[in-house]
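Open the model in your viewer and keep the selection box ready. This tour goes stop by stop, telling you what to pick and what to look for.

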Amino acid sequence: MATPLEIVKKRRAQAIHRIVEKGYLTTRVYVGMATCEIAAGSKDVMDVFETAIKHGQIKNVYLSQKGCAGRCNLEPMVEIIEEGKIPVKYQKITPDKAREIIDRHLINGKVIEEWVIH
């Protein structure tokens with residue numbers, strides 16, 4: 001029998017799947033851009049993702065900003081939502097870490113567990 005947490009994770013993945021079926025791109029990347037996150041360096045992180053999309057390094061990715069999550073000690077944060085998967089929230093992201101996320105997660109499909117908010 002599934003645990004309550006497993007049930008919630010499954011339902012969340014199903015809800016995301018329904019959203020994607022309505023025509024959204026299959027991968028969405030959100031960079032925290034509240035004032036405090038910008039002060040922590042999120043603008044530079046956003047620039048890395050924008051450049052990767054512009055130069056075709058990553059394709060079919062919707063990139064957007066996210067507001068305050070109330071977790072200042074974890075900023076800048078990046079959330080990645082992929083079709084059929086549980087969303088992944090990364091913490092304390094620098095431009096170098098953003099490049100790693102592009103390479104390891106978005107291109108090669110490997111979640112970087114040591115940076116994930118659990």
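**Stop 1: a salt bridge within a helix**

Select Asp-47 and Lys-43. They form a salt bridge, and the closest N and O atoms are 2.9 Å apart. Keep in mind that this is a predicted model. Now show helix H3, residues 42-54. Asp-47 and Lys-43 are four residues apart in this helix, so about one helical turn separates them. Asp-47 is partly exposed, with a relative accessible area of 26%. Lys-43 is partly exposed too, at 42%.

How many salt bridges does a search of the whole structure find? The count is seven. Further stops visit others among them.

**Stop 2: strand S3**

Select residues 78-82, which make up strand S3. This strand is mostly covered, with five of its five residues buried. Turn on the side chains. In a regular strand, side chains alternate between the two faces of the sheet. Here Val-78, Ile-80 and Glu-82 point one way, while Glu-79 and Ile-81 point the other way. All of them are buried.

Next, bring in the partners of S3. Add strand S1, residues 27-32. Five bridges join S1 to S3, and the two run antiparallel. To find your place, pick Val-31: it stands opposite Val-78 in S3.

Now add strand S4, residues 88-90. Three bridges join S3 to S4, again in an antiparallel arrangement. Stay on Val-78 and look for Tyr-90 in S4, which stands opposite.

**Stop 3: the hairpin turn**

Follow the chain from S3 to S4. The two strands form a hairpin with five residues between them. Select Gly-84 in the turn; its phi is positive, at about 75°.

Then pick Lys-85 and Glu-82. These two form a salt bridge, with their closest N and O atoms 3.9 Å apart. Which of the two is buried, and which is partly exposed? Glu-82 is buried, with a relative accessible area of 12%. Lys-85 is partly exposed, at 41%.

While you are at S3, select Glu-79 again and add Arg-12 and Lys-66. Arg-12, Lys-66 and Glu-79 are linked in a network of salt bridges.

**Stop 4: two tyrosine rings**

How many aromatic pairs does the count give? It comes to one. Select Tyr-30 and Tyr-62 to see the pair. Their rings meet edge-to-face, 6.2 Å centre to centre, with 70° between the planes. Tyr-30 lies in strand S1 and Tyr-62 in strand S2, residues 61-66, so the pair ties together parts that are 32 residues apart in sequence.

Check how covered each ring's residue is. Tyr-30 is buried, with a relative accessible area of 15%. Tyr-62 counts as partly exposed, at 39% relative accessibility.

Stay in S2 and select Ser-64. At 18% relative accessibility, Ser-64 counts as buried, because the cut-off for buried is under 20%. Show its contacts, leaving aside neighbours within four places in sequence. They are Val-29, Tyr-30, Val-31 and Met-46.

**Stop 5: a buried charge without a partner**

Select helix H2, residues 35-39, and pick Glu-37 inside it. Glu-37 is buried yet has no salt bridge. Which side chain of opposite charge is nearest to Glu-37? It is Lys-66, 8.6 Å away.

What does Glu-37 touch, then, not counting residues up to four places away in sequence? Highlight Gly-32, Ser-42, Gly-67, Glu-75, Pro-76 and Met-77.

**Stop 6: Arg-104 and its two partners**

For the last stop, select Arg-104, Glu-114 and Trp-115. Glu-114 forms a salt bridge with Arg-104, with the closest N and O atoms 3.7 Å apart. The pair links distant parts of the chain: Arg-104 is in helix H4 (95-107), and Glu-114 is in the segment after that helix, ten residues apart. Glu-114 is exposed, with a relative accessible area of 54%. Arg-104 is partly exposed, at 29%.

Now look at the ring of Trp-115. The charged end of Arg-104 sits over this ring, 6.0 Å from its centre.

Terms used:
Residues are numbered from 1 along each chain as its sequence is written. This is a predicted model: local features need pLDDT of at least 70, side-chain atom pairs count only at pLDDT 80 or more; totals for chains, interfaces and linings use all residues. Side-chain values use heavy atoms; hydrogens and water are left out. Buried means under 20% relative accessible area, exposed over 50%, partly exposed in between (1.4 Å probe, protein chains only). Two strands pair if DSSP finds at least two bridges between them. Rings of Phe, Tyr and Trp (its six-membered ring) pair if their centres lie within 6.5 Å; planes under 30 degrees apart count as stacked, over 60 as edge-to-face and the rest as tilted. A charge sits over a ring if NZ of Lys or CZ of Arg is within 6 Å of the ring centre and within 35 degrees of the ring normal. Lys and Arg count as positive and Asp and Glu as negative; His and the chain ends are not counted. A salt bridge is a side-chain nitrogen of Lys or Arg within 4 Å of a carboxyl oxygen of Asp or Glu. Contact means heavy atoms within 4.5 Å.
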